[in-house]
Amino acid sequence: MYGQRVHIRLIVKTCCLFLILLSMNACHTLRNTTDLTAPRDGKLIDKKATPEAVALHEKLKQISKNGFAIGHQDATAYGVNWRYKDSLNAYWSDIKDVTGDYPAVFGFDLGHIELESAHNLDTVSFVLIRELIRKAAAKGGVVTLSWHLDNPTTNGSSWDTSKSVKDILKGGSDREKYELWVSRLADFLNSLEDFSGRKIPVIFRPFHEMNGSWFWWGAGSSTSIEYKALWVETLSLLINKHDIHHLIYAYSPNTISNENEFNRFYPGDRYVDILGVDIYNHNGDEAFIKDVTGNLSILKKLAGEKNKIFALTETGNTKKPTEDWWTRVLYPSVKDSGITWLLLWRNARPNHYFAPYPGIISEQDFVLFKSFNDTLFLDDINLIKSNPASQNKPNNQLEK
Ligand code: BMA
């Protein structure tokens, strides 16, 4: 009898211990659970997010109530016919040259920060990137960062699709190296301070276009389980190990065919702040309009369910340029879609550019595109910041 009671007590104690351990685990900042209990409170996933990151998130929400912000990758670092050189092209941009205003969103890429290199993979110096991020933020711009990091297993580029993800997960043969790479990334992110010493909040969009098979973290080289683990473990390193709290995390596959394709690599609502998708005009205008409208309506539905914001995180025309591409193709694809921003990719050279620059065939059409109520450039989003209720930008030439 006594022996039986001791036995029962032991079972009860073990159960209690198990429950305590379970709830302790559940209290951890980053939890490895399903999304069933993920909060839909519209707040950032990092519960220690800085006030500046929270404010940026709120500003993004306000932006989408007023239209959508226009972004450009490397906007102020170089254009088709110029490169930033101290004092020469002090704070310039092709979009500014064409329209008189800067884009509202400034994209930069951190590829090669992991190698402690002085320049990123497109030969823009990290010192300059830091400076340009500081200037963009000081002027009220939104900053989004991608990371075309090298293949940690082979030291090849992002496009070296040799398998690597498994090796860099916890317990993998290249884990130590990957942690070193993340610590270098963290050092750079930590160095992003405004002129009063506060951390500049930025959108971080790593491991993008994973449903394609052109990057080593993509579908051809990583299972969805491995990819999700990579995402969660990387966030855990940044948030928990490096104590970084000024990031807002965006997940963005390449053009999807359906909702399942979006979800296939989605790490979970606890690990993503912004839903995104990258869509280029590879197959002609008609296909592009169909892809963008279809994809954005899937994102809108998911974002609504999850209480998150969403964006067209990369876009542009890769086909023969036409005079009216902006107002005939891009604008009808995105208007009323609910996106917070769209990011045009970089203006590298005459055969690799995505935003307008002086002299191109669609220059005037982009000026028209800018005049619409809902296409928001830097001055426009600054008006929203000071007056969230304002619904229109000044001097609209075209009413919807
Ligand atoms: C790609 C191309 C590459 C570039 C990379 C990272 O889409 O523009 O030339 O190196 O983005 O910016």
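Trainee: Why is Lys301 called buried, exposed or partly exposed in this predicted model?

Mentor: The relative accessibility of Lys301 is 41%. Buried requires a value under 20% and exposed a value over 50%, so a residue in between is called partly exposed. Lys301 therefore counts as partly exposed.

Trainee: What makes Glu259 and Lys301 a salt bridge?

Mentor: The closest N and O atoms of Glu259 and Lys301 are 2.7 Å apart. The limit is 4 Å between a side-chain nitrogen of Lys or Arg and a carboxyl oxygen of Asp or Glu, so the pair qualifies. Glu259 belongs to helix 8 (residues 259-264) and Lys301 to helix 9 (residues 285-306), so that this salt bridge links distant parts of the chain, 42 residues apart. Glu259 has a relative accessible area of 27%, and is therefore partly exposed.

Trainee: How do you know whether Lys306 and Asp269 are buried or exposed?

Mentor: Both values are set against the cut-off for buried, which is under 20%. Lys306 has a relative accessible area of 11% and is therefore buried. Asp269 is at 4% relative accessibility and therefore counts as buried too.

Trainee: What joins Lys306 to Asp269?

Mentor: Their side chains form a salt bridge, with an N to O distance of 2.9 Å. Lys306 lies in helix 9 and Asp269 in the loop between helix 8 and strand 8 (274-281), so parts 37 residues apart in sequence are tied together. Elsewhere, Arg175, Glu179, Glu233 and Lys241 are joined into one network by salt bridges that share partners. The structure holds 18 salt bridges.

Trainee: What makes Arg346 and Asp122 a salt bridge?

Mentor: The closest N and O atoms of Arg346 and Asp122 are 3.5 Å apart. This is within 4 Å, so the pair meets the definition. The pair links distant parts of the chain, 224 residues apart: Arg346 is in the loop between strand 10 (341-344) and helix 11 (363-371), and Asp122 is in the loop between strand 4 (105-109) and helix 4 (126-138). Arg346 and Asp122 are both buried.

Trainee: Which residues surround the ligand?

Mentor: Leu121, Asp122, His148, Trp159, Trp345, Arg346 and His352 surround the ligand.

Trainee: How do you know that an oxygen atom of the ligand makes a polar contact with the side chain of Asp122?

Mentor: An oxygen atom of the ligand is 2.5 Å from an N or O atom in the side chain of Asp122. A polar contact is a pair of N or O atoms within 3.5 Å, so this pair is one. An N or O atom in the side chain of Trp345 is 3.1 Å from an oxygen atom of the ligand, and for the side chain of Arg346 the distance is 2.8 Å. On its own, the ligand has 310 Å² of accessible area, of which the protein covers 77%. The ligand sits in the second largest pocket.

Trainee: Why is helix 10 (residues 325-334) called largely enclosed?

Mentor: Of its 10 residues, 8 are buried, so helix 10 is largely enclosed by the rest of the structure. Among the buried residues are Trp325, Trp326, Leu330 and Tyr331. After helix 10 comes Asp336, whose phi is positive, near 60°.

Trainee: What is notable about the phi of Glu209?

Mentor: The phi of Glu209 is near 50°, a positive value in a residue other than glycine. Most residues other than glycine have a negative phi. Glu209 lies in the loop between strand 6 (202-205) and helix 7. Its relative accessible area is 7%, under the 20% cut-off, so Glu209 is buried.

Trainee: How do you know whether His246 is buried or exposed?

Mentor: The relative accessible area of His246 is 1%, so this residue is buried. His246 is found in the loop between helix 7 (224-241) and strand 7 (247-251), and its side chain reaches the backbone oxygen of Leu189 at 2.8 Å.

Trainee: What makes Glu233 count as buried or exposed?

Mentor: Glu233 is at 15% relative accessibility and therefore counts as buried. Glu233 is in helix 7, and its side chain makes a polar contact with the side chain of Arg175 at 2.7 Å.

Conventions:
Residues numbered from 1 in each chain as written. Predicted model: local features only at pLDDT ≥ 70, side-chain atom pairs only at ≥ 80, totals over all residues. Heavy atoms only, no water. Helix = DSSP H or I, 4+ residues; strand = E, 2+ residues; numbered from the N terminus. Buried < 20%, exposed > 50% of the residue type's maximum accessible area, 1.4 Å probe, protein only. Near = heavy atom within 4 Å. Polar contact = N/O pair within 3.5 Å; in protein donor to acceptor, adjacent residues only side chain to side chain. Areas by Shrake-Rupley, 256 points an atom, 1.4 Å probe, with all protein chains shown as cover. 1 Å grid on protein atoms, 1.4 Å probe; cavity = no way out; pocket = protein on both sides within 12 Å on 5 of 7 lines; lining within 4 Å. Sits in = over half its atoms within 2 Å of the grid points.
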